[in-house]
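Welcome, and please get your viewer ready. We will go from stop to stop, and at each one you will hear what to select and what to look for.

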Amino acid sequence: MAATAAAHTRPNPRPPATAFIATPSVGLPLVSLRPATSTTPLRARDPSHQRSPPPTPAPVPVGLFCYARNGRQPSRRHPLRATMSPTPGVSGAGAVSVDAAPAGIPAALGGVAAVGATSAAVVGNGAKAAAAAAPAAAAAVATAPAGLTGAALLRHGGYSAGLRYTTEQRAALGLTGLLPPAVESLQTQVARVVRRMGDLRRGLDQYEYLASVDAADERLFYATVLTHLTEIMPLIYTPVVGAACQNYGRLYVRPRGLFLSIASPLSAITEALSNWPEKDVRVIVMTDGERILGLGDLGAHGHGIPVGKLSLYTACGGIHPRHTLPITLDTGTDNAELRADPAYLGNRFPRVRGVAYDTFVSAVLAEIVATFGRHVLCQFEDFAQANAARLLVKHRESYTTFNDDIQGTAAVATAGVLAALRLNGVRPQVREHTFLFLGAGSAGIGIADLLCSQMLAEDAAAAAAAGTAPMLTPAAARGRCFFLDSKGIVARGRAAPISAEKAPYAATLDAAAAAVLGADPKSLLTAVQTLRPTALIGVSTVHGAFTPAVLGAMAAANERPLVFALSNPTSQSECTAAEAVAATDGRVVFASGSPFPPVPRPDGSTMVPGQGNNAYVFPGLGAGVVLAGASTVPDALFLTAARALAAAVTPDRLAVGAVYPPIEEVRHVSAVIALAVAHGAAEMGIATRDVGGLTLEGVLDSMYDPLR
């Protein structure tokens, strides 16, 4: 085909968010970062959670993340070695590249214009320093609980302002002599953190250092994250968090969150939750550690996952860290090597399953609600396939809960498909497409379920416009989704058993297709050539499964084939962006679970691969659920989030082949999704708070912002 890969796009038919009058009673009791285009003054909604901004120094050009003594990375005497495979821009255990300095704070974040290596606020212990830092320190004093002073205050990272305290405030709080005499601005402290990051070996060393900053000064940690989000996100979550979980017992210094043991009496659950010092918990991420990323059963050492996820709830979704709680359910581990490791910190027995396991999980959820209220959001994370979907079905109607591995992944993948519909050469509605999934686990089935919901919605809208009855049935929608698992095509009549979760997608094949696929049941190439899908979605964790021949067959069947290689990490990705471009003559519409660099196309243009990162969805969805006080989290809210994310992809992004917004804009995108989800919850009748007057401006104002 002669179609050029430089994408021409259709106009986005979706209207912008409707403006309403914000009601002060609605919103997260937090604050926000203003998008760069806004000229509205920043203002606080709830003074109990606000800190006034420190003085802004003049911009000073500086190469952040680029500092290293003598141009070399220092090394440990006994470096920790992670077994996690690296990704592009990631070395060793997985790390952000520190070789290229950002020009400044990402525009989408707003706030301070730039962070300098030095600041006028750092002038020793004179009166000028005290005066310059007074606003920041005064705010820090105001947020500290009554009676929290002296060394105890400095040890409380959630309230301590460290060197931001003025001389007068140090005297008032019993801090005289406990800090060096310098008084600094927040910007200066951020500059010190990123300068130190440049000193460190990439990956785990940087992860450890950031964790120490978080423990010492929560506000400084999030100010650093927000001003360098794209560089730091890989450090506090994937890929580095996987290596951190593998080395959790060796890295452990202090606890964060709760560990609930199945070996303890059920009454211990109540005791543990009551021991948590923050009583206004709104978002919980909970894991049992059985399927950590692509790394398998890490038991209690999977605790880094809920910690990392909640960091993104704060950084991207604006949930105040004080309102978050990471929980690990320690039900044992089937990882014998881990049980034998002297550094393992969890229960050293095989996993408890069956009735005892279910009783334990049910008791935890019941006590969470009894302790923190009915509308606390509880996200299931990295549960194994045997439990993930089952627990979701069992508890989703009784609690405000969802599973990000199933539903969040589905929303992100569906958003990528919806954005791709605006490209010329791509069929303009989901109901016109045929999908072939490599991998039939809970993630793939979740994606198919949401795509089918979109197909049915499209058919219903078309029928309403024509004044006729809908034509597409749920069974017919599912018939447009095919699955290839380890036993072959999921189809009626095959010899290999089909699980209950896959059964609704068991295809009815005609005799000719059944004969061809039956002769070579595990061949993806045969499946593509026989079924001729318009979209190929990889959720298999099989590296290289999308071979050049498979990709070529997709290109032969479609003007613009959709290829989504969603497995993580890069070592398990079905193909790379470069491989997809090369095998399809640059015509591919590509998305991936792992990040890939831009790829030149044969026509001389460049494709920018879109990364289907769940961070695009779950922080904003969670914020919207909290805003609305939603009683449940139905699948319809994930479709709402997917549509909002797809609508946020600009024509310029589509023109370079990216079906997701830049990750730098994730905080603003999260606010857009939060607004859509809050209004969607109200329309569905599951909101317990009045969000009728909520606007995008109101959502942004309510988001936690450490920079002011």
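The tour begins with the whole chain and then moves to single helices, loops and residues.

**The whole chain**

Start with everything displayed, and keep in mind that this is a predicted model. The protein has 708 residues, and buried residues make up 57% of them. You can count 26 helices and 14 strands. Contacts often link distant parts of the chain: among those between residues at least 6 apart in sequence, 75% join residues at least 24 apart.

Now colour by confidence. The mean pLDDT is 84, and 80% of the residues reach 70 or more. Select residues 1–8, where pLDDT stays under 50. Even so, the model has 24 contacts beyond four places in sequence for residues 1–8. Next take residues 12–142, where the pLDDT is also below 50. Beyond near neighbours in sequence, residues 12–142 have 307 contacts in the model.

**A loop and two helices early in the numbering**

Select Gly174, in the loop between helix H3 (167–172) and helix H4 (186–199). Is Gly174 buried or partly exposed? Its relative accessibility is 44%, so Gly174 counts as partly exposed. Add Ala152 to the selection: Gly174 and Ala152 are 22 residues apart in sequence, and their C-alpha atoms lie 9.9 Å apart.

Move on to Met197, which is part of helix H4. With a relative accessible area of 0%, Met197 is buried. Draw a distance from Met197 to Ile232, and you will find 10.0 Å between the C-alpha atoms of two residues that are 35 apart along the chain.

Then select helix H6, residues 218–227. How many of the 10 residues of H6 are buried? The count is 10 of the 10, so H6 is largely enclosed by the rest of the structure. The buried residues of H6 include Glu218, Arg219, Phe221 and Tyr222.

**Three spots for the backbone**

Show the backbone and go to Pro239, in the loop between helix H7 (229–236) and helix H8 (240–246). The peptide bond leading from Thr238 to Pro239 is cis, with omega near 10 degrees.

Jump ahead to Thr541, in the loop that runs between strand S9 (535–538) and helix H20 (548–557). Thr541 is not a glycine, yet its phi is positive, near 60 degrees. Thr541 is partly exposed, at a relative accessible area of 42%.

Asp585 is another residue to check for phi: its value is positive, about 60 degrees, although Asp585 is not a glycine. You will find Asp585 in the loop between helix H21 (577–583) and strand S11. Asp585 is partly exposed, with a relative accessible area of 45%.

**Two buried residues and their neighbours**

Select Val417 in helix H15 (residues 404–420). Val417 is buried, its relative accessible area being 2%. Which residues does Val417 contact, apart from those within four places in sequence? Light up Val430, Phe435, Leu451, Leu562 and Phe564 to see them. Add Ala591 as well: Val417 and Ala591 are 174 residues apart in sequence, but 9.3 Å apart from C-alpha to C-alpha.

Now go to Ser592 in strand S11 (residues 589–592). Ser592 has 1% relative accessibility and therefore counts as buried. Show its side chain: a polar atom there lies 2.5 Å from the backbone oxygen of Ser594. Leaving out residues up to four places away in sequence, Ser592 touches Ala565, Leu566, Gly610, Gln611 and Gly612.

**Last stop: a pair of crossing helices**

Finish with helix H23 (residues 635–647) and helix H25 (residues 666–684). At what angle do the axes of H23 and H25 cross? They cross at roughly 145 degrees and come within 9 Å of each other. The crossing of H23 with H25 is right-handed.

To see what lies between them, show side chains. H23 contributes Ala636, Leu637, Thr640, Ala641, Ala644 and Leu645 to the contact. From H25 come Val669, Val672, Ile673, Ala676, Val677, Gly680, Ala681 and Met684. Colour these residues by type, and you will see 12 nonpolar, two polar and no charged. As you look along either helix, note a general point: an α-helix has 3.6 residues a turn, so residues three or four places apart point the same way.

Notes. Residues numbered from 1 in each chain as written. Heavy atoms only, no water. Helix = DSSP H or I, 4+ residues; strand = E, 2+ residues; numbered from the N terminus. Buried < 20%, exposed > 50% of the residue type's maximum accessible area, 1.4 Å probe, protein only. Polar contact = N/O pair within 3.5 Å; in protein donor to acceptor, adjacent residues only side chain to side chain. Contact = heavy atoms within 4.5 Å. Axes fitted to C-alpha atoms, helices over the stretch in contact; angles between N-to-C directions. Left-handed = near helix turned anticlockwise from the far one by under 90°. Nonpolar A, V, L, I, M, F, W, Y, C, P; charged D, E, K, R; others polar. pLDDT = per-residue confidence, 0-100.
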